[in-house]
Amino acid sequence: MLVGRCTERKAIERLLAGVRAGRSGVLVVSGAAGTGKTALLDHAHDVASGCRVERFTGVETEREFAYAGLHQVHAPWRDRLDALPPPQRAALEVAFGLRAGGPPDRFLVGLATWGVLAQLAAEQPLLCLVDDAQWWDAASAQAMAFVARRVATERLGLVFALRDPHPGDVRAFAGLPTEVVGGLGEADARELLARVVRAPLDERVRDRVIAEARGNPLALTELSPGAEPARLAGGFGPPDAWRVPRRVEESVRCRSHGLPAETRLLLLTAAAEPLGDPALLWAAAGHLGLGAAAAAPAEEAGLWEVGTRVRFHHPLARSAVYRAAAPVDRRRVHRALAAATDPWAEPDRHAWHRAQAALGADEGIAADLERAAGRARARGGLAATAAFLERAVTLTPAPADRARRALSAAQAKHGAGAPDAARELLTLAQSGPLPALARARVKLLDAEIAWHTTRHDGVPAQLLAAARELAPLDAALARDTYLHALVAAPLAGTAGRAVLEVADAGRTAPPAPMPPRAADLLLDGLASRTVQGYEACAPTLKRALTALVSHASERHRAAGWARADDDGGRWLGLGCRVAVALWDDEALCTLATRAVDLARTTGALAALPAALHALAVVRVLTGDFAQAAELNAEAAVYRQPPGLAPLPDGDVLLAAWRGQQHLAHQLQATALQVAGPGEGVTVTPAPYALAVLHNSLGNYDAALAAAAPPCEGDELAHSSMALPELIEAAVRADRPDRAGTALKLLDSRAQASGTPWALGLAARSRALLSTGRAAEEAYREAVERLGHCRMVPHLARAHLLYGEWLRRERRRHDARTHLRTAHRMLTDMGAQGFAARAAHELRATGERPRRQTAEPAGALTAHELHIARLVATGATSKEVGAQLFLSPRTIDAHLRSIFRKLRITSRRQLRELPLH
């Protein structure tokens with residue numbers, strides 16, 4: 001990921017602009033290891049539109065092989081050697097061992113390389129990227145530097161990345177235009193850290209990490225790979241929780257070798273103290289009998305600095321020091337840190353250090369940890385709660401208390417996205433004496449973990465069993481569990497009759513309290529839908545959405561998302577599906593956004609991937625395909641740990657709306673492979689997505705076949721979404737009977753929903769089956785109603801269908817108006833399949849469709865685009881700055897640049913632009 005680096009990116013983009021304009025360009029990107037040189041080459045590759053890009057990498061083990069680097073350069077186009085003058089061709093062939101001869105003339109080798117690259121650049125602008133050029137052999141470096149100093153009008157760009165200080169001989173590149181890559185500024189470092197540490201982090205720990213990284217992006221990004229979600233405890237937890245790269249461990253080992261024992265003990269004390277507080281360090285050192293003189297040898301070895309902050313040479317050096325220490329020494333320094341920590345000002349850290357110093361069971365410390373768990377959550381999220389509770393379990397002497405705390409710890413571990421650790425704690429809880437309610441909660445958590453790790457069709461039965469056991473003990477929790485079972489049944493691939501049985505069981509749940517919670521309304525509504533039908537449940541589900549939206553808005557305004565399992569927060573994802581089923585676009589957008597905010601704020605990494613997926617679907621449906629892709633990519637990062645059940649593949653839906661036929665089918669095939677026996681959730685969206693895809697491409701028989709299963713299966717959300725697709729496909733495939741039956745169902749549901757989105761889709765579908773005046777009135781109604789909702793792609797399709805109908809009515813002038821609108825909207829959002837349909841229709845009217853132009857946002861850097869999107873939502877500079885850890889003045893400076901690039905003058909104009 002590339003954060004900041006505006007100067008370096010501009011230098012690369014200027015070089016590329018010159019290459020496209022017929023001017024050659026050369027740039028050496030020089031910087032220390034880990035400063036992001038490779039990321040800048042990635043950026044060059046990404047923005048080199050219209051250019052052929054070739055990438056080469058220096059290999060340290062090949063430094064002694066003459067022309068090994070140059071062999072990489074010529075390998076892709078060896079057939080071009082025949083076009084070279086014989087002396088140059090002979091020199092290259094000797095250099096590469098293709099013919100016998102003495103050492104080749106390096107001047108001829110350089111000329112030959114220049115000639116081949118010039119040939120290629122004459123055909124298409126050429127960009128050559130050389131990473132780790134310091135590892136190239138001297139002969140290859142000289143040959144490429146020879147080319148770099150002679151290019152002028154060959155439409156050739158050369159970018160070399162060199163490590164500084166240079167471990168090899170790089171004199172060949174001396175004097176070439178150079179951009180030195182230094183450390184990131186504090187604001188950019190904060191943004192990068194927020195991207196790689198995807199959980200709440202104590203602000204003081206964040207400041208210490210940024211200080212120790214010294215702006216080096218690699219030092220920051222190494223905090224993420226391999227770290228289990230539950231170990232990201234916001235600064236609470238043992239320092240050895242992080243996996244340390246071997247090179248960092250080796251660096252610490254080499255630098256600490258031979259240090260005095262007192263110095264090593266002082267280093268360990270600093271490693272066990274996560275804030276980098278020198279006052280606390282020296283207070284603890286006093287309890288250990290260590291003086292200030294013990295710090296000097298470690299400073300001389302380059303391991304740390306002790307000033308206003310204790311800074312190790314790398315953020316993960318603390319973990320390396322801690323991991324290398326003996327357990328007895330760890331307990332000793334934690335005991336000293338506990339003695340030095342004020343129990344009134346820092347009760348949580350005081351309790352934590354006492355716990356780490358304890359060797360055997362200690363109920364007093366365990367009780368302190370249990371009390372501290374809730375407070376720690378505010379700073380470190382669910383992972384911090386889990387860390388405190390897990391340690392409390394190991395210190396609890398009484399079996400009953402240990403089992404109770406193990407259950408609480410398992411729940412926190414599960415919420416933090418660590419199912420394996422949660423299972424271990426759950427097994428421990430089951431082995432101890434528990435009251436009836438706790439035993440029922442154990443069964444419930446076991447089912448919830450199973451749902452998180454698999455979508456097997458046996459999970460709903462587990463949930464039902466837990467719900468029945470909870471019914472006489474905790475009515476509210478029992479109702480929640482029945483609701484979970486009712487939601488899980490169709491998504492787990494359970495057969496239709498089994499779904500009805502689950503719904504019937506849900507109707508036997510204990511009565512709801514008065515007034516009912518959002519979860520109670522959802523349970524009653526969904527059970528009624530399964531048994532009585534869509535129209536009967538709509539009023540209750542509308543009330544449930546109103547309750548969820550109200551709850552989410554109040555909690556968001558109060559910044560009080562402290563509990564991930566509260567009444568409203570737990571069911572936001574289900575609320576999104578209900579909103580889709582009812583075509584309530586306002587509720588859908590609100591709930592999807594709040595679900596992501598809640599999961600991020602609380603560190604509920606178990607819930608975050610599904611929340612991101614839901615928000616990505618919303619962005620697809622509203623036409624923001626670029627942001628949908630970003631959200632899908634982020635969701636994939638959170639699903640990387642093994643053992644987690646796959647989510648519905650949002651990339652399939654995005655590819656379908658973009659008209660990417662091959663990619664959509666490839667993604668669907670992958671989803672089918674990932675889904676195990678009895679798992680239905682992974683492939684649930686695919687039929688609807690493929691129906692959209694085939695309708696966009698005009699493959700109406702295929703669209704009809706794809707839309708039929710979700711409509712017949714009556715899955716909560718996708719059955720509603722698939723109905724309009726089935727109707728359009730059936731009409732175009734000359735199956736009016738299928739279309740008419742589906743239209744009756746759609747009309748009935750749309751009336752029960754009553755939203756502009758629902759009524760607009762019903763009118764659009766009705767127009768397809770109408771003729772004459774009735775058809776025109778229905779098309780106009782569709783355009784009017786869909787114009788009052790957020791679902792821009794469906795509005796664009798209404799214009800497209802209306803334009804197609806008008807053309808067939810021989811009203812070419814009127815048709816062009818709607819087809820132009822459809823083509824512009826669909827092209828701008830990236831719906832290429834539907835845009836191609838609109839272009840075809842425009843050509844049939846005798847008009848040439850406009851060429852696709854770059855989107856306004858294309859002029860912005862990624863950082864500027866992020867700021868522009870936030871400001872476009874109505875956020876103030878202060879609010880945007882708080883979210884991005886930048887000052888309002890910095891945000892205003894970025895806005896001036898954004899306004900200049902977009903040729904606008906106000907925030908109001910920014911809100912009107914398509915910032916995709």
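These legends walk through several close-up views of one predicted model. Residues are numbered from 1 along each chain as its sequence is written, and side-chain values use heavy atoms, with hydrogens and water left out. Because the model is predicted, local features need pLDDT of at least 70, side-chain atom pairs count only at pLDDT 80 or more, and totals for chains, interfaces and linings use all residues.

**View 1. Helix 27 from end to end.** Helices here are DSSP runs (H or I, at least four residues), numbered from the N terminus. Helix 27 covers residues 585-602, which makes 18 residues. The expected span of a helix is 1.5 Å times one less than its number of residues. For helix 27 that gives 26 Å, and its end C-alpha atoms are indeed 26 Å apart, so the two agree. At the N-terminal end, Asp584 acts as a cap: one of its side-chain oxygens lies 3.4 Å from the backbone nitrogen of Glu586. That fits the cut-off for a polar contact (a pair of N or O atoms within 3.5 Å; within protein, one must be able to donate a hydrogen and the other to accept it, and residues adjacent in sequence count only if both atoms are side-chain atoms). After the helix comes Gly603, with a positive phi near 70°.

**View 2. Two cysteines that don't bond.** Which cysteine sulfur is closest to that of Cys576? It belongs to Cys589, 9.2 Å away, too far for a bond. A disulfide is a pair of cysteine sulfur atoms within 2.5 Å, and the structure holds zero of them. Cys576 is buried, at 5% relative accessible area, and Cys589 is buried too, at 6%. (Buried means under 20% relative accessible area, exposed over 50%, partly exposed in between, with a 1.4 Å probe and protein chains only.) Cys589 is one of the buried residues of helix 27, including Leu588 and Leu591.

**View 3. A ring pair between two helices.** Phe107 and Phe146 meet edge-to-face, 5.5 Å centre to centre with 90° between the planes. Rings of Phe, Tyr and Trp (its six-membered ring) pair if their centres lie within 6.5 Å; planes under 30 degrees apart count as stacked, over 60 as edge-to-face and the rest as tilted. Phe107 sits in helix 5 (residues 106-123) and Phe146 in helix 6 (residues 138-148), so the pair ties together parts that are 39 residues apart in sequence. Are these rings buried or exposed? Phe107 is partly exposed, at 46%, while Phe146 is buried, at 12%. Arg150 lies over the face of Phe146, 3.8 Å from the ring centre. (That takes NZ of Lys or CZ of Arg within 6 Å of the ring centre and within 35 degrees of the ring normal.)

**View 4. Some unusual backbone spots.** Most residues other than glycine have a negative phi, and most peptide bonds are trans. Trp583 has a positive phi of about 55° although it is not a glycine. Its place is in the loop between helix 26 (572-581) and helix 27, and Trp583 is buried at 0% relative accessibility. Arg810 also has a positive phi, near 65°, but Arg810 is exposed at 76%. The peptide bond from Met514 to Pro515 is cis, with omega near -5°. Pro515 belongs to the loop between helix 23 (496-507) and helix 24 (518-532).
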